[in-house]
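Please open the structure in your viewer and keep the sequence beside it, since this tour moves from one selection to the next. At each stop, make the selection before reading on.

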Amino acid sequence: MSQCIRCRVSGRVQGVWFRASTQQQAERLGVSGSAHNLPDGGVEVVACGEASALKLLQQWLWQGPEHAQVEDVQCDTLQLPVSAGFTIG
């Protein structure tokens, strides 16, 4: 059964290919959604997929790409459907 989550990732996550790397990881896991920069320097990730895939994506968000320095990841469950595919903005 598909679920949706919204995660706010803070730390050094802008300017380090975080969104593009998140897109690659999500596509690898078969997860749909999006990743957007936030005005406070964080990144918001909305993701929908199987619970096991979302768990793996959440674990990956704590690491991020090579030059990221993730300080915190806060995720909430969403009740809205997300279109197929993964976009960055």
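In this predicted model, begin by selecting Val9, Phe18, Val31 and Leu61, which touch the most other members among the 21 residues of the largest nonpolar core. Strand 1, helix 1, strand 3, helix 2 and strand 4 each supply at least two residues of this core, and helix 2 gives the most, with 5 residues. As background, nonpolar side chains in soluble globular proteins tend to be buried together.

Keep Phe18 selected and display what surrounds it: beyond its neighbours within four places in sequence, Phe18 is in contact with nine positions listed here in full, namely Val9, Val13, Val43, Trp60, Leu61, Gly64, Pro65, Ala68 and Val70.

Next, select helix 2, residues 51-61, where Ala53, Leu54, Leu57, Trp60 and Leu61 are buried. These residues lie on the same side of helix 2 because they cover an arc of only 120° around the axis. Turn to the other side of helix 2, and you will find Ser52 and Lys55 exposed. If you now show what covers the buried residues of helix 2, the cover includes strand 1 (2-12), helix 1 (18-29), strand 3 (43-50) and strand 4 (69-78).

Finally, select strand 2, residues 32-37, which runs antiparallel to strand 3 and is joined to it by 6 bridges, while 3 bridges join strand 2 to strand 5 (residues 86-88) in a parallel arrangement. Ala35 is a useful residue to click on, as it stands opposite Val45 in strand 3 and has Ile88 as its bridge partner in strand 5.

Technical notes. Residues numbered from 1 in each chain as written. Predicted model: local features only at pLDDT ≥ 70, side-chain atom pairs only at ≥ 80, totals over all residues. Heavy atoms only, no water. Buried < 20%, exposed > 50% of the residue type's maximum accessible area, 1.4 Å probe, protein only. Helix = DSSP H or I, 4+ residues; strand = E, 2+ residues; numbered from the N terminus. Arc of directions from axis to C-beta. Contact = heavy atoms within 4.5 Å. Core = buried A, V, L, I, M, F, W, Y, C linked by side-chain atoms within 4.5 Å. Pairing = 2+ DSSP bridges.
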